[in-house]
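Here are some comments for a colleague at the bench, to be read alongside the sequence and the coordinates.

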Amino acid sequence: MAAGTAAALAFLSQESRARAEGVGGLRIPAPVTMDSFFFGCELSGHTRSFTFKVEEEDDAEHVLALTMLCLTEGAKDECNVVEVVARNHDQQEIAVPVANLKLSCQPMLSLDDFQLQPPVTFRLKSGSGPVRITGRHQIVTISNDVSEEEESEEEESEEEEAELCPILPAKKQGGRP
């Protein structure tokens with residue numbers, strides 16, 4: 001694999017596209033669009049780190065869901081430690097080792113959709129790799145455009161609610177001890 005493409009995002013295929021307009025009778029105030037794309041990068045002795053970033057002016061919510069780390073062809077039987085640098089709940093940058101791969105005993109690791117908020121940097125802390133990181137880039141967009149049809153439906157439902165009789169207190173029954 002060429003070094004220039006080895007550390008690039010691999011938007012190989014659009015995995016899914018869904019538009020949620022309500023679930024089980026519950027209305028979501030604005031339409032939500034969810035897109036999911038394959039993600040992949042490779043760390044090696046030549047490319048020791050890779051940063052996944054999104055445009056800051058983008059109003060969408062981005063999540064990087066990691067699925068697997070694995071040693072690829074040409075890996076030596078040595079410890080390959082992969083570290084993730086991201087932000088914690090206090091927006092402080094932290095570095096955490098997520099995998100220690102070795103060809104003879106653990107050549108791959110499943111991360112089961114380990115979710116991270118961009119920006120995220122992957123580093124090959126030790127070893128020469130190559131280590132392939134795969135996952136999905138998920139994008140959630142909330143549209144603030146409300147159609148005229150949806151507005152008229154909301155007005156009709158409000159009118160129906162106003163037409164309902166008010167709840168009256170229960171009558172007390174006399175004669176009970």
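The points below take up the cysteines, the largest pocket and two strand pairings in turn.

1. The model is a predicted one, and the remarks that follow should be read with that in mind.

2. On the cysteines, a search covering the whole structure finds zero disulfides. For C105, the closest cysteine sulfur is that of C79, at 7.0 Å, and this is too far for a bond because a disulfide needs the two sulfur atoms within 2.5 Å.

3. Is C105 buried or exposed? With a relative accessibility of 60%, C105 counts as exposed, because the cut-off for that class is over 50%. C41, by contrast, has a relative accessible area of 0% and is therefore buried, the limit there being under 20%.

4. The largest pocket holds about 330 Å³ of space. It is lined by 15 residues, of which V54, H62, Q117, P118 and P119 are the closest to its centre. Sorted by class, the lining comprises six nonpolar, six charged and three polar residues, and strands β4 (61-71) and β5 (80-87) each contribute at least two residues to it.

5. Which strands pair with β8 (residues 120-126)? Strand β3 (residues 49-52) does so in the antiparallel sense over four bridges, with S49 standing opposite R123 of β8. Strand β5, already mentioned for its part in the pocket lining, also pairs with β8 in the antiparallel sense, here over five bridges, and in this pairing V85 stands opposite T121.

Terms used
Residues numbered from 1 in each chain as written. Predicted model: local features only at pLDDT ≥ 70, side-chain atom pairs only at ≥ 80, totals over all residues. Heavy atoms only, no water. Buried < 20%, exposed > 50% of the residue type's maximum accessible area, 1.4 Å probe, protein only. 1 Å grid on protein atoms, 1.4 Å probe; cavity = no way out; pocket = protein on both sides within 12 Å on 5 of 7 lines; lining within 4 Å. Points joined across faces, edges and corners; volume = space filled by probe spheres on them. Nonpolar A, V, L, I, M, F, W, Y, C, P; charged D, E, K, R; others polar. Pairing = 2+ DSSP bridges.
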